[in-house]
Amino acid sequence: MTRKRPTIHDVAAAAGISRGTVSRVLNGDRYVSTAARAAIERAIAETGYVVNRNARSLVTQRTGSVALVLSEPQEKLFEDPNFSVLLRTATQRLAQRDVSLVLMIAGDGGDRDRVMRYLRGGHADGVLLVSTHAGDPLLDALEVAGVPAVACGEVLGRRSPIPYAAADDREGARQMTRYLAGRGRRRIATITGPLDTPGGLRRLEGFVDVLGRRATKKLIAHGDYTRRGGEVAMAELLERTPGIDAVFVGSDLMAAGALAALRAAGRRVPEDVAVGGFDDSAVAVSTHPPLTTMRQPLERVAEETVRLLLDLIDGAGHVDPVVLPTELVVRESA
């Protein structure tokens, strides 16, 4: 015979507590005594009760899930180690609230349409935005749909600001540029990320803050946060200004590409050209030589992003952005 699935009534009976109190605990009510909560948790373990999400949704008008929307082509999810850190940390943090994470890719117009159909259908309680570009039509669609949204990183060019948590990109770039200049480097170049992203723009601004008029166009090349993009940009800089003796690269992954271009050109690192990255990802310790870089606290950024979104979902009318400090990590490349 098939065993009957345990119900909330079974949990209440096993705990010796009213069904209403059990329901309050299951729905996240904080105002339940410690003793009652412990008894309910024991009863859940003993009975094998599992929350029926469909039934809960009818009562709470919540799905118990959040969408993480990555506004990049799918291949970048697997190439860039930063995304795996954000995804893992967000999943763990949401699990503490018994909330599931749904990963969605919005790398082009078709992807964005699918994402919005899903969200307009009420399948997620909120959205975590990752690698959002200025002018992305998804942002306006989310605002019209009234879906709570928080970004990992500042969202550029918005009249209606979207809450975010981020590392201090501009100050981190200043620190790295000052460090390279302090090592006696005189012709310091930079490879930026896309300038419609906060990391691309703010890190360039920090570089210019330190060098001022010395930050000429000949010393600035643009990449796309990929290894290949960093390699191409470094080759461009060497052709344009052969006398470069240092380069600040806007991500570790691009810095790995820059190192490959320098090797191909016969330049020694750091003797001929010092190289500084940004992220302190797993890439930074796997290059030859290992990268001097700016550590951004990605796990804390993800945790704060999730916290802000959960506050919005719980009814907070307004949340303030969170900006976290970066840290210089010195290794052999500079």
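Which residue has its charged end over the ring of Phe 278? It is Arg 203, whose charged end lies 3.8 Å from the ring centre; a charge counts as sitting over a ring if NZ of Lys or CZ of Arg is within 6 Å of the ring centre and within 35 degrees of the ring normal. The model is a predicted one, in which local features need pLDDT of at least 70 and side-chain atom pairs pLDDT 80 or more, while totals for chains, interfaces and linings use all residues. Residues are numbered from 1 along each chain as its sequence is written, and side-chain values use heavy atoms, with hydrogens and water left out.

Phe 278 also belongs to the 1 aromatic pair that the structure holds (rings of Phe, Tyr and Trp, the last by its six-membered ring, pair if their centres lie within 6.5 Å; planes under 30 degrees apart are stacked, over 60 edge-to-face, the rest tilted). Its partner is Phe 248, and the pair is tilted, with 6.4 Å from centre to centre and 50° between the planes. Phe 248 comes from strand S8 (residues 246-249) and Phe 278 from strand S9 (residues 274-279), so the pair links parts of the chain 30 residues apart (strands are DSSP runs of E, at least two residues; helices are runs of H or I, at least four; both are numbered from the N terminus). Both rings belong to buried residues, buried being under 20% relative accessible area, exposed over 50% and partly exposed in between (1.4 Å probe, protein chains only).

Turning to the sheet, 6 strands form an open, parallel arrangement in the order S2-S1-S3-S4-S5-S11, where two strands pair if DSSP finds at least two bridges between them. Strands S2 (100-105) and S11 (322-324) stand at the edges with a single partner each, so one side of each has no neighbour in the sheet. S2 runs parallel to S1 (residues 65-70), joined by 6 bridges; Leu 68 has Leu 103 in S2 as its bridge partner.

Helix H9 (residues 169-182) has 14 residues and reaches 20 Å from first C-alpha to last, close to the 20 Å expected (1.5 Å times one less than the number of residues). Among its buried residues are Gly 172, Met 176 and Tyr 179. The buried residues of H9 fall within an arc of 155° seen down the axis, so they line one face of the helix; the arc is that of the directions from the helix axis to the C-beta atoms. Just after H9, Gly 184 takes a positive phi of about 85°.
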